[in-house]
Amino acid sequence: LLEEILRSTKDHVKVYCLVRIKKGDQQDGFKRIIDNLKYYQLYNPKLKERIIPVAGDLTSKYFGLSVDQFNELAKKIDFIFHCASLVNYIYSYAIIKPAAVNGTHEILRFACTSATKPIHYISTNGIFPGEDKTIYLENSDIDSFADKLENGYGQAKWVAEKLIWEAVSAGLPVCLYRPGNIGHHSDTGVSNPNDFQSMIIDACMKVECAPDKNKWAFEMTPVDFLVKSIVLFASKPSHFGQVFNVVQNDPVPARSVFDLLLEMKLISKYVSFDEWKSKLYTKAEKEGDYILNVLAQSLED
């Protein structure tokens, strides 16, 4: 999203990035941003002068800045893209809340400090309960979903979105986006290595086999399609007060992905799900692979 914003705006536009850092200095924050851009094959040295790191913490009041720093920053910013969160489907609401809910509260405080600043808020289709054939429309009331949400992430993101809607009703200009699972870049193939589906594919290659699961499906909305959509919708003020569900309509059967792994000789066979899971545990223990162990445990549910 950072790269797409930089590429689609004029040279005088600066992008301030709130970034957690260990050393507490701006240079460390800048390095983290640049390292991420390089990892995702998005780095362009011509654009780096327009990136300004802000060392802070979304979970803290005033982003962990002093009141004077917070107010000074609020005078400089014209536009907010809020896509920060803690994404984890196992953690409880209490663990997710500081980043998702408290962080959104601070974003709203910031948007209303000094001049009013429009917000482009990246929510999630995780606020929908799913597990049935209900069609979830973009601008339908989300209140009825609350009691049906079972995981902490979905609950926290629902509360955060509810805060956003309260701000909309009070007159703040906001546009909302609900991605599903964000997949690989459609040109480079680069993906988030910590994505659950990426971890499954990686696990198949590590144990050289895939689970014989016919009902599994991968939803992999290409990340470049998603960010182009966000920046395009953000360019038109008429979209304020609206929601855009940006989701791959037809999930890819996992079997077709595994077949490609077979064809490329990255795996050698299919095995039963239980055997595959057992292989993950064995491989994880043998090689001390923490990530593989976490994946195997999560598949118990």
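Strand β5 pairs with strand β10 (residues 243-246) in the parallel sense, over 4 bridges. The model described here is predicted. Two topics are covered below: the surroundings of β5, and a nonpolar patch on the surface that includes Leu86.

**Pairing of β5**
- On the β10 side, Pro179 of β5 has Val246 as its bridge partner.
- Strand β4 (residues 119-122) also pairs with β5 in the parallel sense, and this pairing too runs over 4 bridges.
- Between β4 and β5, Ile119 has Val174 as its bridge partner.

**Connection from β4 to β5**
- Together with helix α5 (residues 152-169), strands β4 and β5 make a β-α-β unit, and this unit is right-handed.

**Burial of β5**
- The strand spans residues 174-179 and is mostly covered, with 6 of its 6 residues buried.
- Val174, Leu176 and Arg178 point one way from β5, while Cys175, Tyr177 and Pro179 point the other way.
- Residues pointing in both directions are buried, Arg178 and Tyr177 among them.
- Val174, the bridge partner of Ile119, and Pro179, the bridge partner of Val246, are both among these buried residues.

**Nonpolar surface patch**
- Leu86, Ile90, Tyr91 and Ile95 form a nonpolar patch on the surface, and together they have about 370 Å² of accessible area.
- Within this patch, Leu86 lies in the loop between β3 (80-82) and α4 (93-111).
- Leu86 counts as partly exposed because its relative accessibility is 30%, a value between the limits of under 20% for buried and over 50% for exposed.

Technical notes:
Residues numbered from 1 in each chain as written. Predicted model: local features only at pLDDT ≥ 70, side-chain atom pairs only at ≥ 80, totals over all residues. Heavy atoms only, no water. Patch = residues over 30% accessible without salt bridge, like charges linked within 9 Å, V, L, I, M, F, W, Y side chains within 5 Å. Areas by Shrake-Rupley, 256 points an atom, 1.4 Å probe, with all protein chains shown as cover. Salt bridge = Lys/Arg side-chain N within 4 Å of Asp/Glu carboxyl O. Helix = DSSP H or I, 4+ residues; strand = E, 2+ residues; numbered from the N terminus. Buried < 20%, exposed > 50% of the residue type's maximum accessible area, 1.4 Å probe, protein only. Pairing = 2+ DSSP bridges. Right-handed = clockwise from strand over helix to strand, strands pointing away.
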